[in-house]
Amino acid sequence: MEKIRKRYYMTTAIAYTSGKPHIGNTYEIVLADSIARFHREQGYDVFFQTGTDEHGQKIELKAQEQGITPKEFVDGVAGQIKEIWDLMNTSYDKFIRTTDDYHEAQVQKIFKKLYDQGDIYKGYYEGMYCTPCESFFTESQLVDGKCPDCGRPVTPAKEEAYFFRMSKYAQRLIDHINSHPEFIQPVSRKNEMMNNFLLPGLQDLCVSRTSFTWGIPVTFDPKHVTYVWLDALTNYITGIGYDCDGESTEQFKTMWPADLHLIGKDIIRFHTIYWPIFLMALDLPLPKQVFGHPWLLQGDGKMSKSKGNVIYADDLVKLFGVDAVRYFVLHEMPFENDGVITWELLVERLNSELANTLGNLVNRTISMTNKYFGGVVADKGVTDTMDEDLKAVVTGTIVKVVEKMDQLRVADALTEIFNLFKRCNKYIDETMPWALAKDEAQQDRLSTVLYNLTEAITIGASMLESFMPETTERILKQLNTEKRDYEQLDQFGLYPSGNKVTDTPEILFARLKMEDVLADVEKMQAEQKAAVGISEETEAEEEEETAGELHVELKEEISFEDFGKMQFAVGEIISCEAVKKSKKLLCSQVKVGDRTIQVVSGIKAAYTPEEMKGKKVMVLLNLKPAKLAGLLSEGMLLCAEDAEGNLSLMTPERPMPSGAEIS
């Protein structure tokens with residue numbers, strides 16, 4: 001195979017610094033790393049960029065809750081994200097932060113350039129705003145009254161803002177997508193963007209905010225800060241040296257356009273509509289491909305910090321090791337549909353695929369070589385027809401792997417490599433080395449069989465490096481050989497005859513007992529829950545971690561008489577304030593008819609005190625008073641909570657007076 005000499009620039013989405021990334025977030029960096037490593041093996045000059053998105057209202061609010069500056073907050077979270085990326089042995093070339101000085105300077109230049117050429121204009125925005133997504137929506141764009149991207153509650157907002165004229169470039173983008181079918185992958189994502197957003201007509205996009213300050217100021221109107229997506233998306237060009245004044249670096253000139261933007265399916269719209277249009281306005285070529293990968297979901301429902309069942313990469317590594325975790329997230333994610341992670345599935349995969357198929361194969365081959373030939377691997381040339389099938393499978397695997405990787409079907413590529421290892425195990429069953437060892441006349445045949453196994457494992461392990469680099473290194477060290485070059489992966493017989501394997505094979509992956517792992521998980525979850533310290537009264541405040549349908553767990557039945565004892569009424573919030581030294585609680589004065597009660601609620605993550613004032617809410621009046629954080633709470637505000645942990649206060653559908661009875 002001829003080695004390819006070509007540049008390859010790829011990026012992940014930059015991680016939002018609102019908190020520690022869970023395993024679903026971490027999946028993306030591991031997926032990207034496997035693609036980057038594989039392209040390097042093929043001879044590409046790869047530049048792999050990742051990083052963190054660090055501006056926005058959500059971060060400003062979180063910093064205020066902790067009593068620190070936004071920069072201090074993002075410094076801590078960005079460091080945590082980088083530690084996890086490094087823990088997972090990812091080979092990124094650059095880690096960009098949107099608080100980097102050079103990035104902020106270029107964003108300001110870009111904003112001014114687009115304004116000067118008439119693509120950005122000043123106006124007012126009035127609509128429904130999603131704080132976590134930093135996005136405005138019209139009523140018609142909402143789904144069940146909630147954000148169409150993340151499903152969380154939205155709030156009415158109106159403010160002065162700058163807007164980008166999206167419609168100016170819409171037809172040009174439609175034409176590009178139609179003429180470049182590879183641009184958006186999978187195809188279902190392309191259809192979604194065309195049918196739901198582009199073809200119905202694009203609205204102008206809000207690109208600045210005045211209601212918070214944690215962002216990049218607009219140089220000519222500093223009360224405005226740059227809208228997060230114009231800030232965040234431009235990292236893909238600023239990180240490789242783009243300069244809006246025409247002084248871009250040689251790296252930018254040779255690397256752009258990007259070969260691949262690897263992102264989650266939830267932000268596909270921003271990368272395939274907003275980002276291409278920004279680039280068109282800057283007169284820059286569009287990226288060659290945007291791949292919106294599916295999500296990795298918790299198998300038994302939503303991840304919840306108060307339940308202690310959020311799965312983090314570092315916790316998984318403690319139980320299973322880095323490469324086992326890499327294998328799982330890469331192998332269990334379908335190309336287009338969401339994948340599922342459960343502790344039981346992790347143990348099953350480790351035992352069956354890693355410990356048995358791979359680990360046992362390597363251990364048996366080395367052990368038999370030591371037992372029968374003192375560790376010396378020699379090709380005696382005594383062949384059989386079954387050898388040819390083994391060799392055909394081994395030498396043909398790389399073609400299949402390349403085909404799958406070209407399509408970004410990483411899970412399928414990994415499956416092809418493990419099919420090679422499974423064929424090796426079948427070859428052992430076919431040749432029965434233990435039987436050959438009993439016949440002196442079959443010694444050369446036995447030696448050839450073990451040579452074939454050693455060579456096959458060497459080739460398979462070399463291909464495995466992009467996905468499980470530490471495992472590849474450990475296998476080849478035991479076989480006393482080097483990783484096979486990409487061009488040689490379709491050649492059989494290059495392992496040096498007469499070479500000697502290690503005297504004592506190590507266990508690559510120890511089999512685990514399900515009950516032991518689940519006991520460790522239970523302990524870990526208890527520690528996680530204790531660390532969060534969320535009481536039953538405030539559990540609904542918890543941050544969402546992943547999506548999924550609600551499983552309704554029925555409580556003990558009550559009689560109609562029991563229900564009749566509860567008194568519900570419409571209340572009006574006349575004032576509200578945050579509870580000092582609490583990250584979760586709001587204290588509201590609620591007018592219910594001719595009386596006013598005080599209610600303490602764990603809803604601070606979903607609502608600000610300003611948003612609460614004036615709301616009509618559903619109140620449980622005759623709940624026994626209780627003290628929360630030293631404050632008397634005389635009732636309860638009723639909320640709904642979805643599968644992602646998002647809260648929505650129960651409010652009347654039509655105007656109702658304070659004190660109206662709810663029955």
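Analyst: Welcome! A helix here is a DSSP run of H or I with at least four residues, and helices are numbered from the N terminus. The model you are looking at is predicted.

User: Thanks! Which helix holds A435?

Analyst: A435 lies in helix 16, which covers residues 433–436. That span meets the minimum of at least four residues, so the run counts as a helix.

User: Why is A435 called partly exposed?

Analyst: The relative accessibility of A435 is 34%. Buried means under 20% and exposed means over 50%, so a value in between is partly exposed. As for its surroundings, the C-alpha atoms of A435 and L446 are 9.2 Å apart, with the two residues 11 apart along the chain.

User: And what makes T471 count as buried?

Analyst: T471 has a relative accessibility of 1%. That is under the 20% cut-off, so T471 is buried. T471 sits in helix 18, residues 469–479. Beyond its neighbours within four places in sequence, T471 touches D323, L358, L464 and F509.

User: Why is helix 13 called oblique to helix 15?

Analyst: Two packed helices are described by the angle between their axes and the distance between the axes. The axes of helix 13 (residues 343–373) and helix 15 (residues 410–431) cross at roughly 50° and come within 10 Å. Angles under 35 degrees would be roughly parallel and 65 to 115 roughly perpendicular, so this pair falls among the oblique ones. The crossing of these two helices is left-handed.

User: Which residues of helix 13 and helix 15 meet?

Analyst: On the helix 13 side, the residues include E353, L354, L358, L361 and R364. Helix 15 brings F418, F421, C424 and I428, among others. The residues of this contact divide into eight nonpolar, three polar and four charged. L358 of helix 13 is also one of the residues in contact with T471.

User: How do you know that strand 5 pairs with strand 7?

Analyst: Pairing takes at least two bridges, and 10 bridges join strand 5 (residues 120–130) to strand 7 (residues 155–164), so these strands pair. They run antiparallel, with Y129 standing opposite T155 in strand 7.

User: What makes strand 5 and strand 6 a pair too?

Analyst: Three bridges join strand 5 to strand 6 (residues 135–137), so the minimum of at least two is met. These strands also run antiparallel, and M128 stands opposite F137 in strand 6. Their hairpin has four residues between the strands, and E134 takes a positive phi near 55° there.

Methods: Residues numbered from 1 in each chain as written. Predicted model: local features only at pLDDT ≥ 70, side-chain atom pairs only at ≥ 80, totals over all residues. Heavy atoms only, no water. Axes fitted to C-alpha atoms, helices over the stretch in contact; angles between N-to-C directions. Parallel < 35°, antiparallel > 145°, perpendicular 65-115°, else oblique. Left-handed = near helix turned anticlockwise from the far one by under 90°. Contact = heavy atoms within 4.5 Å. Nonpolar A, V, L, I, M, F, W, Y, C, P; charged D, E, K, R; others polar. Buried < 20%, exposed > 50% of the residue type's maximum accessible area, 1.4 Å probe, protein only.
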